[in-house]
Amino acid sequence: MNGQEMHDFMTELYPLCRSLTGEGTKETLRMIGERIPMTMTSVPSGTDVLGWTVPDEWNPRSAYIITPDGRKIADFAEHNLHLNNYSESVHATMTLDELRPHLCSLPDHPEWIPYRYDYYWNPGWGFCLKDRELASLQPGEYRVHIDADKRPGNLHYGECIIPGETDEMILLSTYICHPSLCNDNLSGPVVLTALAERLRQLPRRYTYRLLFVPEVSGAIAWLASLPLDEMRIAGGLVVMCCGDPGSITYKRSKQGTSACDRIVETVLRDRGQSYSAIDWHPNGSDERQFCSPGLNWPVGCLMRTAPAVFPEYHTSADNCEFVTATALGDTLDVLTAIIDSLESNLTYTSTHPIAEAYLGDAYAPTLDARLLQGWVLALSDGRTSVLDMAERAGLPFGDIACAAELLCNQGFITKGNS
Ligand code: ZN
């Protein structure tokens, strides 16, 4: 998929009412699974996963309020943000004063609908509506209707595994639990779907595991299912909020200086476009799970504008117009460059370890190319990676990687440490 095709796919997914569980989330996984090979795992409600309990499955059918003058407002059928995610069923008549604590709006953005949820640690019910509409409500009797199932079922997550030459893994994770919201959250799933399509086109050194999970609970359920002792994670990224027009933001893994962290920052630096790199902090997405003390995997987070920084965050204004095809395409290009760099971050060993090799016809024709050649030959000691070379030489990673590949093909260096 290119940028426009990703945007089209996002537009198809947009109307579904996703949540931690339920049909909208399952349908989202099914639609992703039509494009890439994916296994869907079901975890029954009530299952203990690393001290958390898998919640009941939530499936809303209809929800609205009838005003004293007979108008239907906050209709779930018009916009699924009108109903608080995980609301309980309610059929009641009440005064405006009784109703008001269950209503939420954004006075600073009177035309936007906020996004709220009543997850299992804070059960209840509520509606979100435009502030303009809320401000116009008159005293009187209101009829509240919420028809939603909340009963034992399953939590679902999807995983796409693309095997490589080694069982060393690159973990790429995103979440699929927000209703009709685009940057946070559909941008992540559509970009990772497109990346999986690309990854499958070429043989790879690493094995790739792409996760599509309900945030927090899904990632924890996935971790609970793993033989953690056997996991060899070479690097990874949580991919989220990656379709807005802002520049790229990279949040480092908790390790901060892993090879994967350094490669991401090298790729961003070498692109020559503005970006920011920030240190790990405990707010965020599932990098919180992957960087927990017992794992401490080198998994950072790739975004454009970080969540809560853009005003549209968690509102109806985070829609298909806010996310652009250009930004989705650009994020995919950045991710592709990161993957290509991870794949080509090899070590090489000189076949002429004593004194400079006589290069003959292989002697590079330009000063710049000779500098690259000189650095690679000098640092091909079987221990220094392409990344180390690029950092030491202060030259673009891609140029060093190309020079190394050429010298390898010419027989002056060999891959690995032998
Ligand atoms: Zn969010």
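Four short exercises on this predicted model follow, each with a worked solution.

Residues are numbered from 1 along each chain as its sequence is written, and side-chain values use heavy atoms, without hydrogens and water. Local features need pLDDT of at least 70, side-chain atom pairs count only at pLDDT 80 or more, and totals for chains, interfaces and linings use all residues.

**Exercise 1. Zinc site**

Task: Find which residues coordinate the zinc ion, and state how they are spaced in sequence.

Solution:
- Take as donors the N, O and S atoms within 2.8 Å of the metal (3.2 Å for Na, K and Ca); water is not among the atoms, so sites may look incomplete.
- His178 (NE2), Asp184 (OD) and His314 (NE2) coordinate the ion at 2.1 Å.
- Their spacing reads H-x5-D-x129-H.
- Now place the histidines. His178 sits in the loop between β11 (169-175) and α5 (182-199), and His314 in the loop between β16 (299-303) and α9, so the pair ties together parts 136 residues apart in sequence.
- Helices (H or I, at least four residues) and strands (E, at least two) are DSSP runs, numbered from the N terminus.
- Check burial: buried means under 20% relative accessible area, exposed over 50%, partly exposed in between (1.4 Å probe, protein chains only). Both His178 and His314 are buried.

**Exercise 2. Helix α9**

Task: Compare the expected and actual span of α9, then assess its burial.

Solution:
- The expected span is 1.5 Å times one less than the number of residues.
- Helix α9 (residues 325-344) has 20 residues, so 28 Å is expected.
- Its end C-alpha atoms lie 29 Å apart, which agrees.
- Of the 20 residues of α9, 15 are buried, so the helix is largely enclosed by the rest of the structure.

**Exercise 3. Packing of α7 on α9**

Task: Classify the packing of α7 and α9 by angle.

Solution:
- Axes are lines fitted to C-alpha atoms, for helices over the stretch in contact; angles run from 0 to 180 degrees between N-to-C directions.
- α7 (residues 259-271) meets α9 at about 125 degrees, with axes 9 Å apart.
- This makes α7 oblique to α9. The classes are roughly parallel under 35 degrees, roughly antiparallel over 145, roughly perpendicular from 65 to 115, and oblique for the rest.

**Exercise 4. Cysteines**

Task: Count the disulfides, and explain why Cys17 is not in one.

Solution:
- A disulfide needs two cysteine sulfur atoms within 2.5 Å.
- The count is zero.
- For Cys17, the closest cysteine sulfur belongs to Cys177, 11 Å away, so it is too far for a bond.
- Cys408 is in no disulfide either; its nearest cysteine sulfur, in Cys402, is 13 Å away.
- Cys17 itself is buried, at 15% relative accessibility.
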